[in-house]
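The following exercises are to be worked through with the sequence and the structure at hand. Please attempt each task before reading its solution.

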Amino acid sequence: MNLAESPKLEDFGHDVWWIILIKVVGIFAFLVVMTLFTIWYERKVVGRMQHRPGPNRVGPIGLLQSLADGLKLAFKEDIMPKLADKAVFFIAPVISTVCAFTAFSIMPLGGMVSIFGERTPLQLTDLPVAVLLVLACGGLGIYGIVLGGWASGSTYPLLGGLRSAAQMISYEVAMGLSIVAVFMTAGSMSTSEIVAAQANGSQQEIFGSTVTLPGWYFLMLLPSFLIYFISAVGETNRAPFDLPEAESELVGGFHTEYSSLKFALFFLAEYINMVTVSALCTTLFLGGWRAPAPITTWWAGANEGWWPLLWFTVKVLILLFVFVWLRGTLPRLRYDQFMRFGWKVLVPINLVWILLVAGVRVAANADNTVRYAIYGGFAVLLVGIIMFWPAKKQVEPASIAPEKLPEGSFPIPPMDLVVPPSPRTKRIEHAAAAPSATPEQGE
Amino acid sequence: MTVTDILLLALGAVAAGSALRVVTTTHIVRAGLWLVVALGAMAACYLVLTAELVAWVQVLIYVGAVVVLLLFATMLTRAPIGPSPELDRARFPAALIGLGSGGGLAALFIFGYRWGKAELAAPGTAGVLGKEIFSGWVLPFEVLSILLLAALVGAIVVSRGERS
Amino acid sequence: MDPSYYIVLSAALFTIGAVGVLIRRNAIVVFMCIELMLNAANLALITFSRMNGSLDGQIMAFFVMVVAAAEVVIGLAIIMSIFRTRRSASVDDANLLKY
């Protein structure tokens, strides 16, 4: 047995009905367990980051905490706001959850396994355009949030829903563009083939010498990987991009009016989406279900049978840790900063990067003159960009003249107000300069 | 009648029915929702017609972006919950014109194609479509990119309003 | 399977969309009806592509989608700026150029 274990596109669609049923139930269970686990994991990790133990009461090391919370949620009273659009209010969380579950159906969890004697890929299904299905499900998932926010018939949810729509559309563009480089390199949009394409490092001839490029795309396509991950955080409404549910601004955002099981569905969808984007990231950039390099060298069987499920889960958990890490460390962005970042930073960098990848790919397949022409073109372009990069605009100093205010309005501070240095910072500087000296006055 | 035929009839009925609801409902946001259903049913039709990539792009672009934008605009223009009165104009002349044009179209198509049977075409996968676009359709493709750029700039200019 | 069925369906959808454009007053709903018409055209194009065994129809459908996206962007920007000045999204209220 060797790498021929990786399933081909033809291997899909021939399963017996009960195998499909087993896979569907398996994926459902996997996602629900992952959700319960991730909630606990997140609380525990954030707790540790803030020097507190985190949940530790229910079950061993608090493992059953999220299950208890879920049960409590289910038994709560289901409140329907009087002004709500009843049907849409009910459908919205269902849309969110269904889309979240559907997106996971094309994730390759492993190679060929045998279930009760039937050989089958450890993946529910695969399509030639499988990655587009994930993006499409993400796009449909927006409806749940927008409609939930609108149908609540209340201001904060509406604002949260609108923000979320704008945010997810914007970041979906960046996300889709970041995947393009992977499509070009792997030559396929099917998830199982992308994983197979990352199995071996490719031999590439650069300036006459043969170099073995690393197989996993996160090194070779580092900008794509970073942009994908950033936009995935935006797409799943997680901190620091959790503007749709910014507690300090919008109470709870789109789910302010939701309670009981409907709220639980939204919550479930959010966490499943996190797992899904992490799983997609694993598939696209981290070699999918394949074991990392040092393991495969001393253990040849690492990629066979059911072991891939372990590697896959570990990779997903590492990515989820990064999600939690971001939440634990970064403050929430302001809305305009967030939009500017998406449209003016991520998307342009992405476009330039795609151009670069395409150029290198053309150069690799062309003869020497064309190749040097392309590399030379890149060099000229680079120099041109550096030379003509617009200089930073000088910020005009604000006028000192007080603004004319209508009668009876509140006095506002002048635009060029200079804040005197805080006495505290002076003390800190002082203490830093002479660490041995005790502070003169304690309060 | 095979299973596919029934599936097709059902898809067609869903598409036509929800399209009718888009036109007749008095709830503006619900009109958008029915539009989503209609577009989804059409995407399924594309899948049955072996236009795989177009189907997913339909879901991605139309359902995932265009209609979301429409709903977004609806909500920004104060979409009320519940029916909005005075949404309709006089129906009779419009219905007459519509029926005339629809009947004309149907007659044209039917006489044009005389219910011909078709061979099974190769599925429109991403690879095949990509080759086709970048071999025979490069010029339209580039023109479209300019159109998109113009639309982008135009939308920014229009929505920015006047600057003093 | 008979592809003509799809052509009839597309004609029906186009008709529904056209009637919608004529009878609805809210600019955004009119927009939705236009999308419906464009999609009906797409359906016809894809059916033709299937009938002729060539991919040109599908590519045309792609291009229609791109044009539709551009159209929606511009259209919504215009509707929003009309709404901002006139506080109404009704197509009958934006009639100043008539006089």
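Three exercises with worked solutions follow; the model is a predicted one.

**Exercise 1.** Determine how helix H2 (residues 28-48) of chain B is oriented relative to helix H3 (residues 52-76) of chain B, and describe the residues of their contact by class.

*Solution.* Begin with the axes: those of H2(B) and H3(B) come within 9 Å and cross at roughly 175 degrees. An angle over 145 degrees counts as roughly antiparallel, and therefore H2(B) is roughly antiparallel to H3(B). Next, list the residues in contact. H2(B) contributes, among them, Ile28(B), Leu35(B), Leu39(B) and Tyr46(B), while the residues they meet in H3(B) include Glu52(B), Val59(B), Val63(B) and Leu70(B). Finally, sort the contact by class: 17 residues are nonpolar, 4 are polar and 1 is charged.

**Exercise 2.** Decide whether Ala13(B) is buried or exposed, and state how far its C-alpha atom lies from that of Ile146(B).

*Solution.* Ala13(B) is placed in helix H1 (residues 3-24) of chain B. Within 10 Å, 12 other C-beta atoms are counted. Because 12 or fewer is the criterion for exposure, Ala13(B) is exposed. As for the distance, 38 Å separates the C-alpha atoms of Ala13(B) and Ile146(B), which are 133 residues apart along the chain.

**Exercise 3.** Characterise the side of chain A that touches chain B.

*Solution.* First count the participants: 19 residues of chain A and 17 residues of chain B form the contact. On the side of chain A, helix H4 (130-151) and helix H5 (155-186) each supply at least two residues. H4(A) provides the largest share, 9 residues. By class, this side of chain A holds 16 nonpolar, 2 polar and 1 charged residues.

Methods: Residues numbered from 1 in each chain as written. Chains lettered and ligands numbered in written order. Predicted model: local features only at pLDDT ≥ 70, side-chain atom pairs only at ≥ 80, totals over all residues. Axes fitted to C-alpha atoms, helices over the stretch in contact; angles between N-to-C directions. Helix = DSSP H or I, 4+ residues; strand = E, 2+ residues; numbered from the N terminus. Parallel < 35°, antiparallel > 145°, perpendicular 65-115°, else oblique. Contact = placed C-beta atoms within 7 Å. Nonpolar A, V, L, I, M, F, W, Y, C, P; charged D, E, K, R; others polar. Buried ≥ 20, exposed ≤ 12 C-beta atoms within 10 Å, placed from the backbone.
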